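Visitor: Please show me the model, and let us go through its side-chain packing by question and answer.

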Amino acid sequence: MNVRLLHEQLVRAIQRFGSEAREYRQVYRRLSQLLPDRWKSLVADNRSRGMGPSASQRAAFASTEFINYVDELVQFGASSLEARIQYETHMMLIDARRSLRASARK
């Protein structure tokens with residue numbers, strides 16, 4: 001983060017990171033809600049191929065399709081956290097500047 005950003009640039013960065021964090025969080029939430037359904041679908045596919053209940057569950061967990069689902073979920077979660085941290089860091093910078101201006105006036 002560049003601490004020498006102009007005030008307008010800092011405000012735009014705060015807005016951008018706040019928006020990104022919200023969007024990523026919404027996608028993450030939706031993907032996390034879909035994950036159990038995706039897993040159940042994989043288990044059902046394995047069961048239709050004649051696998052037993054435990055074997056079909058193990059195969060679903062080990063499948064590249066499920067691993068890709070989990071990777072996608074993790075990516076959106078990480079992006080959400082990263083944007084949120086950037087948002088909060090930029091907010092702290094703007095608050096620190098306000099505090100410094102207020103103390104300089106006294």
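Visitor: How many aromatic pairs does a search of the whole structure find?
Guide: This is a predicted model, in which local features need pLDDT of at least 70 and side-chain atom pairs count only at pLDDT 80 or more, while totals for chains, interfaces and linings use all residues. Residues are numbered from 1 along each chain as its sequence is written, and side-chain values use heavy atoms, with hydrogens and water left out. Rings of Phe, Tyr and Trp (its six-membered ring) pair if their centres lie within 6.5 Å; planes under 30 degrees apart are stacked, over 60 edge-to-face, and the rest tilted. The number of aromatic pairs found in the whole structure is three.

Visitor: Which class describes the pair formed by Phe61 and Phe66?
Guide: A pair of aromatic rings is described by the distance of the centres and the angle of the planes. For Phe61 and Phe66, the centres are 5.5 Å apart and the planes stand at 75°, so the pair is edge-to-face.

Visitor: Is Phe66 buried or exposed?
Guide: Buried means under 20% relative accessible area, exposed over 50%, and partly exposed in between (1.4 Å probe, protein chains only). Phe61, at 48% relative accessibility, counts as partly exposed. Phe66 has a relative accessible area of 9%, and therefore is buried.

Visitor: Which helix gives the most residues to the largest nonpolar core?
Guide: A nonpolar core is a set of buried Ala, Val, Leu, Ile, Met, Phe, Trp, Tyr and Cys residues joined through side-chain atoms within 4.5 Å. The largest has nine residues: Leu31, Leu35, Trp39, Leu42, Val43, Ala60, Phe66, Tyr69 and Leu73. Helices are DSSP runs (H or I, at least four residues), numbered from the N terminus, and α1 and α3 (64–105) each supply at least two residues of this core. With five residues, the main contributor is α1.

Visitor: Over the face of which residue does Arg38 lie?
Guide: A charge sits over a ring if NZ of Lys or CZ of Arg is within 6 Å of the ring centre and within 35 degrees of the ring normal. The charged end of Arg16 sits in this way over Phe17, 4.4 Å from the ring centre. For Arg38, the distance to the ring centre is 4.1 Å, and the residue beneath is Tyr69.

Visitor: Which residue's backbone oxygen does the side chain of Asn46 reach?
Guide: Asn46 is found in helix α1 (residues 7–48) and is buried, with a relative accessible area of 8%. At 3.0 Å, its side chain reaches the backbone oxygen of Ser56.

Notes
Polar contact = N/O pair within 3.5 Å; in protein donor to acceptor, adjacent residues only side chain to side chain.
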